[in-house]
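Colleague: Hi! I'm new to reading structures, and I'd like some help with charged contacts and packed helices. Could we go through them together?

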Amino acid sequence: MSPANTSLLGEVEQLVLLSVLRLGDDAYAVPMRELIAAEAGVSLSRGTMYVTLERLERKGFVTSWFSDPQAVRGGKARRHFRLKVPGLAVLKASQSAVVRLSRGTALAHPVRSAR
Amino acid sequence: MRSLARAFSALALRCVPREWRDTVAGDLDDEALRSGRSGWWIGCQAIAAGMRLRPVVNGDVMWTDLRYAVRSLLQARWFAIGAVLTFALGIGVNVAVFSAVDRMMFRALPYDHPERLVVMREFGAQPVQAYGTLPATYVAEARRLDAVVDASMSGWNSLNFTLEPEPGDDAAFSLSQATFNTLSVLGVRPWSGRDFMEADARAENRVALISYEVWKSRFAGRQDILGLQLWNARKSTVIVGVLPPQFINATSFLNPKSDGLYLEFDLFAPTSPRERAVPPTVRLKPGVTIEVAQAQVEAMVSRLRQTEPALPPGRLPSAIRLTSLDELLFAKYNPYLWLVMSASALVFLVACANLSSLMMVRGRSRERQFAVHLALGASRGRLIRRALVEALCLAGAGGAVAVVVLALSGSALARVIPPVFSRYAAGLVDLRVVIALAGCAVAGAVVAAIGPGLRAGRVDIIATLQQQGGRTSSRRLGGRSLLLVEAVVCMLLVAGAAATARSLVGLLTVDLGYEPRALYGIGVFLPPLKDPAANFEQYMKVESVLRSVLGSSVASSSNALPMDGSRPEQLVEGLASGSRYRVGAGLLNTLGARVIAGRLIRPDEVAARARVGVLNKSAVSLIWPDLTPQQAVGRLLESKGEAPFEIVGVVADMRDGPRGSGHEALFVPLDATKFRFVSYVARTADGKKPSLVAVRRQIKAAGFEPRSVSIGDFAVTQSNSLRDDRFRAALFMTFGVIALALAVVGLFSVASFEVALRRREMGVRVALGATPMALSMLVVREAVRPVMLGAALGLLLAFWAGKFLQSFLTGVDARDPGTLIIVAGVLILTSSCAAWIPARRAARTDPATVLRAD
């Protein structure tokens, strides 16, 4: 068992990082919010999304860059996000911590119900 | 709209920290394009995102404090509502009143160099009372004095003008007569068109200048107003110009109904040496003082009097004096305005005290919260800043509600304010007043709010958290002191309200001696005939025509009536006072005169011009002081040089207004040889005002060509005479109710706080056997104690201050002890009710819960 890892992610931070992971190069705030709402059923406000991304970037878990402006009249550049190695590591650590803690519980081994 | 939305969104994006601005802008653009949202949506989303990002990105805690303050106030919504209402009422109502009073008391008159404008008046042997006119030659000569630029006359005569030669039922325009140089003397130029010219006066061209407000409201600002004709008595008057906005003719300050000025002829060319003119407005030359001008006027008068006939022996010459226009117009209203401003200031004081009390209570109730924050590492500065932000949020919300209150109070003020002030009252808000009042209120709230924060640094955190604070009595002293101040002020205002209300009720219920409701005066001016008998006959025929239109209640009189204050003829020769009124058949009946003894004059007696008469009660007391009215009936009233009158009845005195007293009067039948014109009165069955068009049509159908027909409403005249009293009563009652409401809010807050503070004590009392009623009475008694003390002090103060209010009351003593005691009782009772709710909360204290919490 690995030594106790004190740097685990909060619930919202996990959701945001997972959405960045899933969207890959297309990860920017708008589709990330939509994916979290659709898959996790959690409606994050725009402000919460930005604040979480700001914190994650400060912690060095994600990096960001601006794409080219959109190909429409008045189109603006989008700020995309990508998971960094430390971010992936902490995401894995958080996920494993959940898995380890749920060993021996009904969450890990669902009990077949009698007919 | 789209460019406005784009501008809004660009501005809103400034709320977002610079590092995230492009990100947020790009994302919002993206979503807006996909879902068809507008720039307004982008702007709102940007603001929300910015408020979330700022504390994290910039460490900008002000946004955090703002959100915290808003959330905190929403949780304590009753406190917030009380504080916002206090702020709004204290500011909103007072801004309206102070703005109006400021314009009347402290602003210069709206003329060019108003300090150089004076009015020339003639004073008789009693120097206090000025005559209404002075010799016209004095006015003409005054214009040529070295000290004088020019002199003008205006406002002594008003005529009603209409748009058609034959007036209908639409409201007429009331224009005041003026000389050609009225505007130039005042230093004012027309808004459009031209001023009056001396050539107009010389040629006797009838021209008019209408007011800007009438041009906008009655003519919809039409561009072709110049050259439009107005009509009076079938004579046309051409509009040559529009007066500037908010123009008030100097001598028409007391006649707000003037819709403009008209010029008819040259008043500076007296047609006879005995002709008299109204007091002129004189413009002095720059640098000339009133004293220098007065000396020149006196020298002029001395010179002119050498050509005048000598005065009768024993009669003193009159004096011609100059008075500053500002002093003349407003000096007599200054005590009134000071009264209004004092009442308003008292309400403002109550509001500030209340606001401070609420903030103080709020702060003290959060001492435990402050202790927790301090224990978690917050600095005292941070606590103070949070309290400050909360106070400013309340001030902002209160200010927004104050704008609504201001709008409502401004329009309400315009409806009840006396006409002389009405042009100042509505619509204009003085920014200086807003800043001063809002500044005081905000300062009071801020000081009261940050006080607990300042104190927090000295608080024993452990002791506070263990609820073993210092002596509670010292903490309650501040709130109670404010309650005492509020109670004193409330006593003053409510006592004033009671006195003015009683005065108004007394005036409304005074016996006028006749019934003005549904009573109308009809003036018909026919072309005069040379033969007096024929002249009289045509008026009697018109009376028959009016009866056919309006019913049998129509009656006539040959001159003025007692209720309009006129004194047409001496009652009898040799009598010092009293007037004689010549009346047609049924006039006294139509007026609703109350018969005290005997009967009224019969129609056959009028037709036969019998030597009969009806006296009023005052006349009987004057003529036969030893007789009762009943004993006066049947007696003969002798008059030198004519046959005596048999007195057939005595009626009650008819007052010329609620404040007037009936003077001695004798009513005798109309006499065809002794009249100049006849006027009529009618009492309509349905109470409605007769139609001017219908009346005129019937008169013309009967073959008459009246020069003018007018209809006046007696009830409206009486009602208008009470407008000042109505305003004072409304003002004091409004201020009294607001002060009482504010005091109730303050008392409720202080009592609630004390109950919260003494929860443990209440629990101990209940554990020791105190009943809920005993606990409730304890809370009410202690909460009302400062109010009782304040009421006692306020009673003494109201007794002393009554002398300032007395001059505005009629038939009521401002210092009436009974009224003052009742007012004190109302205040204490209201306060007891306000303290009852927190008292009931104290009565429900569960000792087990409270003591276990320790």
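**Reading salt bridges and helix packing**

Modeller: Gladly! In this predicted model, A:R78 and B:D30 form a salt bridge, with 2.7 Å between their closest N and O atoms. This pair crosses between chains: A:R78 lies in the loop between strand 1 (62–66) and strand 2 (79–83) of chain A, and B:D30 belongs to helix 2 of chain B.

Colleague: Is B:D30 buried or exposed?

Modeller: B:D30 counts as buried because its relative accessibility is 3%, and buried means under 20%.

Colleague: Which residues are linked with B:D30 in a network of salt bridges?

Modeller: The network joins B:D30 with A:E34, A:R78 and B:R34.

Colleague: And how do I describe two packed helices?

Modeller: Give the angle between their axes and the distance between those axes. Here, helix 2 (residues 29–40) of chain A packs against helix 2 (residues 18–35) of chain B at about 65°, and the axes are 9 Å apart. Chain A contributes A:A29, A:V30, A:R33 and A:E34 to the contact, while chain B contributes B:D27, B:D30, B:E31 and B:R34. Of these residues, six are charged, two are nonpolar and none is polar.

Colleague: How many salt bridges are there over all chains?

Modeller: A search of the whole structure finds 29. One of them joins B:R502 to B:D816, at 3.4 Å from N to O. That pair links distant parts of the chain, 314 residues apart: B:R502 is in helix 18 (residues 472–508) of chain B, and B:D816 is in the loop between helix 28 (772–806) and helix 29 (817–843).

Colleague: What are their relative accessible areas?

Modeller: B:R502 has 36% and is partly exposed; B:D816, at 24%, is also partly exposed.

Conventions. Residues numbered from 1 in each chain as written. Chains lettered and ligands numbered in written order. Predicted model: local features only at pLDDT ≥ 70, side-chain atom pairs only at ≥ 80, totals over all residues. Heavy atoms only, no water. Axes fitted to C-alpha atoms, helices over the stretch in contact; angles between N-to-C directions. Helix = DSSP H or I, 4+ residues; strand = E, 2+ residues; numbered from the N terminus. Contact = heavy atoms within 4.5 Å. Nonpolar A, V, L, I, M, F, W, Y, C, P; charged D, E, K, R; others polar. Salt bridge = Lys/Arg side-chain N within 4 Å of Asp/Glu carboxyl O. Buried < 20%, exposed > 50% of the residue type's maximum accessible area, 1.4 Å probe, protein only.
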